[in-house]
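Reader: Please take a close look at a single part of this model. Start with one residue and its partner, and then work outwards to what surrounds them.

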Amino acid sequence: MTTHANQAKTPLIVPFVKAQTWNVAAQFAVQWQWDDKDIKELGSALTQRTEAAADTLPLETEVTLLTIRFDGSIEPRQPLRICDVKGKLFRVHPGDVVFSKIDVRNGAIGIAPRDITNMCVTSEFPVYTVQESYANSDYVKLLFRTQAFMRLLNSMISGASGRKRIQPSQLEQAKVPLPNLGVQQTIAHEWKCAEQVVSRYLNDFEGLTLEVDNGLRSRTSHFDETCKSKFFVSSYDLTRQWDMKAGRAAHFTGSNPTFVRLGEHTEECSETVRPWDDPNKDWPIYGVNNKDGVFLNSYQKGKDFNAPYKRIKKDWFFHNPTRANVGSLGKVPTVPKDAITSPEYQVWRLTGGFLPEFMALLVRTDYFLSLVDFNRVGGVKQRMYYSNLADIRLPMIPIQEQQAIADKYAALLNDIENARANLAHTKVDIEQMILGTMKIEGN
């Protein structure tokens with residue numbers, strides 16, 4: 001069997017009485033390759049929850065509002081009290097389905113995490129419990145991520161341009177494959193096994209980062225006192241300016257006089273590129289965050305740039321000056337020769353003393369981020385420019401020890417890459433299983 005949807009040649013003719021939504025996309029329906037008995041309305045497996053927070057919790061209770069990403073992930077915002085929020089809040093329980101009426105067509109639908117208490121959303125985010133006697137929540141989550149389901153959602157859109165919504169009743173009426181629980185669990189298990197392999201290697205990677213962190217701390221005097229204590233003594237001649245952060249930096253330097261200035265082993269890379277000189281070229285733009293490190297963010301035509309961008313190369317480093325303290329910095333992987341990044345980012349490279357792979361782990365440690373925090377400058381929105389990073393003091397680690405860590409780092413990156421490739425392959429298989437175009441073992 002193969003995936004297919006109703007196709008129609010222009011002109012499209014649809015009886016008015018059969019048109020539920022008056023737009024072209026709504027006239028094309030996904031053809032699930034399942035027996036009719038397995039195709040059911042999504043609402044048969046979901047029950048809408050309308051539990052007002054103010055009716056079940058004291059108004060002084062701190063609750064956590066949720067952000068639903070386009071990839072279906074759900075993340076917590078800063079906690080706040082119910083009484084401090086204008087408008088009505090509705091409770092979300094672990095395992096509930098939550099979606100955004102406006103952004104569900106872009107993928108903003110997912111399953112609420114199980115490790116956050118007192119979750120809440122506004123009325124723009126309908127909430128449902130999964131009826132476990134009819135549906136497996138992990139299977140439902142996978143169903144939401146299929147391209148077929150996304151096409152189905154986009155056929156339901158109604159409303160003016162820019163404010164198009166999908167209403168709860170429309171979602172509930174969506175016809176989707178809901179086979180018996182055993183089949184759902186088999187599909188979900190297939191994904192979970194592949195996902196667990198990736199998670200295991202990522203945990204090993206975090207363990208290696210912790211190993212580097214512990215090694216740095218063991219060589220450092222008065223680290224906790226410098227970073228956490230409200231009382232410490234700093235040398236006046238080491239204090240660059242009169243504030244708490246500068247005092248901590250001075251105390252750290254004075255407590256560890258043998259440490260080297262990072263700037264002695266790095267240099268700033270400030271070569272710029274004028275992309276508009278090649279207006280039809282697609283330029284690869286790289287970004288950085290505290291989850292993935294350096295990553296390919298997008299491609300952009302040369303004619304669409306209005307400022308020079310910075311060139312980057314393999315084994316160079318760069319960071320976001322306003323978010324370096326929360327980990328938005330990393331090593332550049334293998335990139336194309338024309339790779340560039342934002343002119344706002346601080347780009348630098350090693351000139352000796354540290355191996356790039358070792359430094360890639362070092363900059364991820366809590367130890368290093370603590371040093372970043374009190375070496376930043378500025379008022380409300382503090383920044384870490386290259387000159388501030390260069391002032392950070394670090395212990396010199398024997399090159400043999402660095403190499404041992406670097407070898408583990410390289411091996412783990414290879415394992416993670418292979419596991420993610422297998423996960424991507426599994427995702428394709430899962431899509432076919434949910435469509436009904438791939439046989440499910442044992443069924």
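Author: Glu401 has a relative accessible area of 33%, so this residue is partly exposed (buried means under 20% relative accessible area, exposed over 50%, and partly exposed in between, with a 1.4 Å probe and protein chains only). This is a predicted model: local features need pLDDT of at least 70, side-chain atom pairs count only at pLDDT 80 or more, and totals for chains, interfaces and linings use all residues. Residues are numbered from 1 along each chain as its sequence is written, and side-chain values use heavy atoms, with hydrogens and water left out.

The partner of Glu401 is Arg219, and their side chains form a salt bridge with 2.7 Å from N to O (a side-chain nitrogen of Lys or Arg within 4 Å of a carboxyl oxygen of Asp or Glu). Glu401 belongs to helix α11, residues 399–435, while Arg219 sits in the loop between α5 (181–218) and α6 (223–228), so the bridge ties together parts that lie 182 residues apart in sequence. Helices (H or I, at least four residues) and strands (E, at least two) are DSSP runs, numbered from the N terminus. Arg219 is partly exposed, at 31% relative accessible area. Side chains of opposite charge can pair when their charged atoms come close.

The loop that holds Arg219 also holds His222, between α5 and α6. His222 is not a glycine, yet its phi is positive, at about 55 degrees. Most residues other than glycine have a negative phi. With a relative accessible area of 48%, His222 is partly exposed. A positive phi of near 50 degrees is found in Asn118 too, again a residue other than glycine. Asn118 is in the loop between β8 (109–111) and β9 (119–121), and its relative accessible area of 24% makes it partly exposed.

Back at the loop, consider the helices on either side. α5 has 38 residues and spans 52 Å from its first C-alpha to its last, close to the 56 Å expected at 1.5 Å a residue (the expected span is 1.5 Å times one less than the number of residues). At the N-terminal end of α5, Asn180 acts as a cap, with a side-chain oxygen 3.0 Å from the backbone nitrogen of Gly182. On the other side of the loop, Glu225 has a side-chain polar contact of 3.2 Å with His251 (a pair of N or O atoms within 3.5 Å; within protein, one must be able to donate a hydrogen and the other to accept it, and residues adjacent in sequence count only if both atoms are side-chain atoms). His251 is part of helix α7, residues 244–255, and is buried, at 6% relative accessible area.

α5 and α11 come up again in the largest nonpolar core, since each supplies at least two of its residues, as do β7 (97–99), β8, β10 (127–130), α2 (137–145) and α3 (147–154). A nonpolar core is a set of buried Ala, Val, Leu, Ile, Met, Phe, Trp, Tyr and Cys residues joined through side-chain atoms within 4.5 Å. This core has 44 residues, of which Trp32, Val97, Phe149 and Ile187 touch the most other members. Setting aside neighbours within four places in sequence, Trp32 has contacts that include Phe149, Leu152, Ile434 and Leu435 (contact means heavy atoms within 4.5 Å). Apart from this core lies another of 40 residues, including Val212, Leu262, Phe354 and Tyr386.

What is the setting of Lys331 in terms of burial? Lys331, in strand β19 (residues 329–331), is buried, with a relative accessible area of 16%. Its side chain makes a polar contact of 3.0 Å with that of Asp315. Lys331 and Ala360 are 29 residues apart in sequence, but their C-alpha atoms are 5.5 Å apart. Among the other residues in contact with Lys331 is Tyr409.

The pair of Glu401 and Arg219 can also be set against the whole. There are 24 salt bridges in the structure, and one of them joins Asp38 and Lys37 at 3.4 Å, N to O. Asp38 is buried at 10% relative accessibility, whereas Lys37 is exposed at 59%. The protein has 11 helices and 22 strands, and 45% of its 443 residues are buried.
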